[in-house]
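Let's take a walk through this structure together, one region at a time. Keep the viewer open as you read, and pick out the residues as they come up.

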Amino acid sequence: MSSKPARPHASLAVRLTIIFTLAAVLVILLGGGALYLFLRAGLANQAISGLDDGLHLLRARIHDQPVAQESRAHWQRALTEFTRPDSLYACRLYDEDGQLVFESPRIAALPASDFPAPARDPALRALHPVKAPGHVEQHWLLSSVYIDRLDGARWRVDFAYDNEYRHELLEGYLHAMLLGVVLAVILFALIGQMAMRYVLMPIHSLSRQVGDIDAGQLDRRISPAWPRELLPIVSAMNSLLDRLQISFARQAQFSADLAHELRSPLHALVSVTEVTLNRPRNEQEYRATLEANLDEFRHLQRLSDDMLFIARTEQAEHQPLDRVAFDIRPLLDGLYDLFDALAESKQIGLQFSGAGTVYANRDLLRRALINLVSNALQYAHSRVSLSVVQDGADSVFTVEDDGDGVAAAQLPFMFARFYRGDESRSRPGGTGLGLSIVKAIAERHGGTAGVENGKRGGARFHIRLPGKPAPDLQT
């Protein structure tokens with residue numbers, strides 16, 4: 001069943017540009033909105049002040065007007081200039097009987113029902129958008145008050161203040177702000193795209209530098225001359241190159257060692273077979289040839305098994321190892337029974353000591369100890385000892401023989417694959433991988449393997465395995 005290819009994610013440049021643009025637009029909207037509210041409040045205060053001023057003037061004219069001069073024509077003359085068509089004011093004047101005394105031309109478009117209830121306090125106001133018949137919508141600030149005259153009568157005034165130009169100013173500002181936001185989106189998107197390209201240039205340069213490194217240039221490293229934010233990536237890439245170089249070198253060495261080890265038995269097989277086939281042989285000669293070839297085949301089989309074990313151990317290096325805590329004594333007793341007959345045939349004494357709980361993979365630990373003991377039996381003169389001690393939480397296994405020991409110059413290479421140093425410690429029929437397996441098993445447990453010469457002669461091999469971690473540290 002085929003799976004759909006993963007959709008590519010949006011580029012970092014696009015993401016950062018969008019975030020940069022949205023942030024800039026948000027700042028503009030917040031700043032512009034705050035300024036709009038401030039401007040609207042200021043214009044509203046100005047309109048209220050204008051309304052109050054107009055009411056004050058109108059109150060003075062009505063309050064101070066002589067009663068003898070009152071007539072509709074008189075009020076027309078007295079208030080016409082105050083409410084002329086180009087004035088910001090319009091009003092209706094009612095006497096104490098509710099009769100209309102005066103009405104300015106512009107107030108005809110404002111029904112009496114739009115005005116608030118009359119009050120002595122001129123602070124009672126209402127802001128109404130009004131659409132006069134045949135006219136566009138207009139905005140007025142409306143108020144209705146009582147005015148006490150000198151004769152004791154109380155007249156009512158419906159007063160309107162033209163707020164249209166302030167409303168238009170606010171609308172113009174709002175439209176300009178919205179247009180500015182649109183232009184800002186375009187401008188910030190372009191600037192953000194160019195800025196992101198500039199900011200991401202080191203990443204592109206870094207990717208090209210990494211892309212230039214191939215399998216034949218694993219010794220190259222990325223220079224640390226990068227912006228601070230990229231230094232963790234550069235460090236991780238250099239660490240990756242270190243691991244790759246070690247891995248490639250290990251594989252190259254593995255191939256070379258394997259080819260070298262395979263060449264000798266294969267050459268022997270070919271040579272013996274060619275000599276045998278060079279002329280007719282009797283049954284005994286053919287049998288001797290087959291037996292000699294069988295030894296070489298067994299050597300190749302052991303070699304392939306050991307190499308396969310090491311390869312699997314290295315491949316599983318970063319995978320969890322199945323470890324349990326168990327009593328070491330039964331394992332030591334089993335190993336003693338395994339080697340007792342061989343040691344007795346060589347007249348070598350075995351001494352296995354130690355007890356306690358070990359945290360390890362039982363099978364891998366058994367194989368490592370078998371390799372160490374068999375190696376010690378090969379070179380011992382009369383004694384081989386295996387001891388287990390607890391060093392804090394760690395378990396230390398030591399295998400010591402009383403042989404001739406190891407030359408000091410060869411000690412660092414004893415766990416190398418196929419290492420051939422002192423011929424006295426080269427085991428006939430061996431693969432040269434036994435100690436390499438021991439080292440791989442120890443490292444697989446997170447431990448170490450080492451060797452030194454004993455104080456009384458012979459070689460002392462040891463492996464250290466870490467103990468069981470505390471419950472809060474286990475993963």
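Asp-158 is buried, because its relative accessibility is just 1%. Its partner is Arg-156: the two form a salt bridge, with the closest N and O atoms 3.2 Å apart. Arg-156 counts as partly exposed because its relative accessibility is 26%, between the limits of 20% and 50%. Arg-156 has a further neighbour to look at, since you will find it lying over the face of Tyr-94, at 4.5 Å from the ring centre. Please keep in mind as you look around that this is a predicted model.

Stay in this region for the aromatic rings. Where does Tyr-89 sit, and which ring does it meet in strand β5 at 70 residues' separation? Begin with the geometry: Tyr-89 and Phe-159 make a tilted aromatic pair, 5.3 Å from centre to centre and with 35 degrees between the planes. Tyr-89 belongs to strand β1 (residues 89-94) and Phe-159 to strand β5 (residues 154-162), so the pair links distant parts of the chain, 70 residues apart. Both Tyr-89 and Phe-159 are buried. Tyr-89 also pairs with Tyr-161, again in a tilted arrangement, here with 5.7 Å between the centres and 50 degrees between the planes. This second pair, too, links distant parts of the chain, with Tyr-89 in strand β1 and Tyr-161 in strand β5, 72 residues apart. Tyr-161 is buried, as is Tyr-89. Taken together, the ring pairs link Tyr-89, Phe-159 and Tyr-161 into a cluster. Across the whole structure, the search finds 4 aromatic pairs.

Another buried residue to select is Ser-143, which lies in strand β4 (residues 137-148). Ser-143 counts as buried because its relative accessibility is 0%. If you draw a line between the C-alpha atoms of Ser-143 and Cys-91, you should get 9.5 Å, although the two residues are 52 apart along the chain.

Now move along the chain to the later strands, and look at the charged side chains. Arg-464 and Asp-391 meet in a salt bridge, at 3.0 Å from N to O. Arg-464 lies in strand β12 (residues 459-465) and Asp-391 in strand β9 (residues 383-391), so this salt bridge ties together parts of the chain that are 73 residues apart in sequence. Arg-464 is partly exposed, as its relative accessible area is 29%. Asp-391 is partly exposed as well, because its relative accessibility is 41%.

Strand β12 holds one end of another salt bridge: Arg-460 bonds to Glu-400, with the closest N and O atoms 3.5 Å apart. Because Arg-460 is in strand β12 and Glu-400 in strand β10 (residues 394-401), the pair ties together parts that are 60 residues apart in sequence. Are the two partners buried or exposed, or in between? Arg-460 is partly exposed because its relative accessible area is 21%, whereas Glu-400 is buried because its value is 12%. Salt bridges that share partners also join Asp-391, Asp-394 and Arg-464 into one network. The count for the structure comes to 8 salt bridges.

One more charge-and-ring arrangement deserves a look. Arg-362 lies over the face of Phe-326, and the distance to the ring centre is 4.2 Å.

Next, turn to the surface. Which part of the chain gives the most to the nonpolar patch? Helix α3 (residues 164-211) does, with 9 residues. The patch is formed by Phe-20, Leu-179, Val-182, Leu-183, Val-185, Ile-186, Leu-187, Leu-190, Ile-191 and Met-194, and together they have about 920 Å² of accessible area. Leu-183 is a good one to select, and lies in helix α3. Leu-183 counts as exposed because its relative accessibility is 52%, over the limit of 50%.

Finally, step back to view the whole chain. The protein chain has 8 helices and 12 strands. Of its 475 residues, 35% are buried. Among contacts between residues at least 6 apart in sequence, 62% join residues at least 24 apart. The accessible surface comes to about 28,400 Å², and 58% of that belongs to carbon and sulfur atoms.

Definitions and conventions:
Residues are numbered from 1 along each chain as its sequence is written. This is a predicted model: local features need pLDDT of at least 70, side-chain atom pairs count only at pLDDT 80 or more; totals for chains, interfaces and linings use all residues. Side-chain values use heavy atoms; hydrogens and water are left out. Helices (H or I, at least four residues) and strands (E, at least two) are DSSP runs, numbered from the N terminus. Buried means under 20% relative accessible area, exposed over 50%, partly exposed in between (1.4 Å probe, protein chains only). Contact means heavy atoms within 4.5 Å. Accessible areas come from the Shrake-Rupley method with a 1.4 Å probe; for residues, only the protein chains shown count as cover. Rings of Phe, Tyr and Trp (its six-membered ring) pair if their centres lie within 6.5 Å; planes under 30 degrees apart count as stacked, over 60 as edge-to-face and the rest as tilted. A charge sits over a ring if NZ of Lys or CZ of Arg is within 6 Å of the ring centre and within 35 degrees of the ring normal. A salt bridge is a side-chain nitrogen of Lys or Arg within 4 Å of a carboxyl oxygen of Asp or Glu. Patches are made of residues with over 30% relative accessible area and no salt bridge: like charges are joined within 9 Å, nonpolar side chains (Val, Leu, Ile, Met, Phe, Trp, Tyr) within 5 Å.
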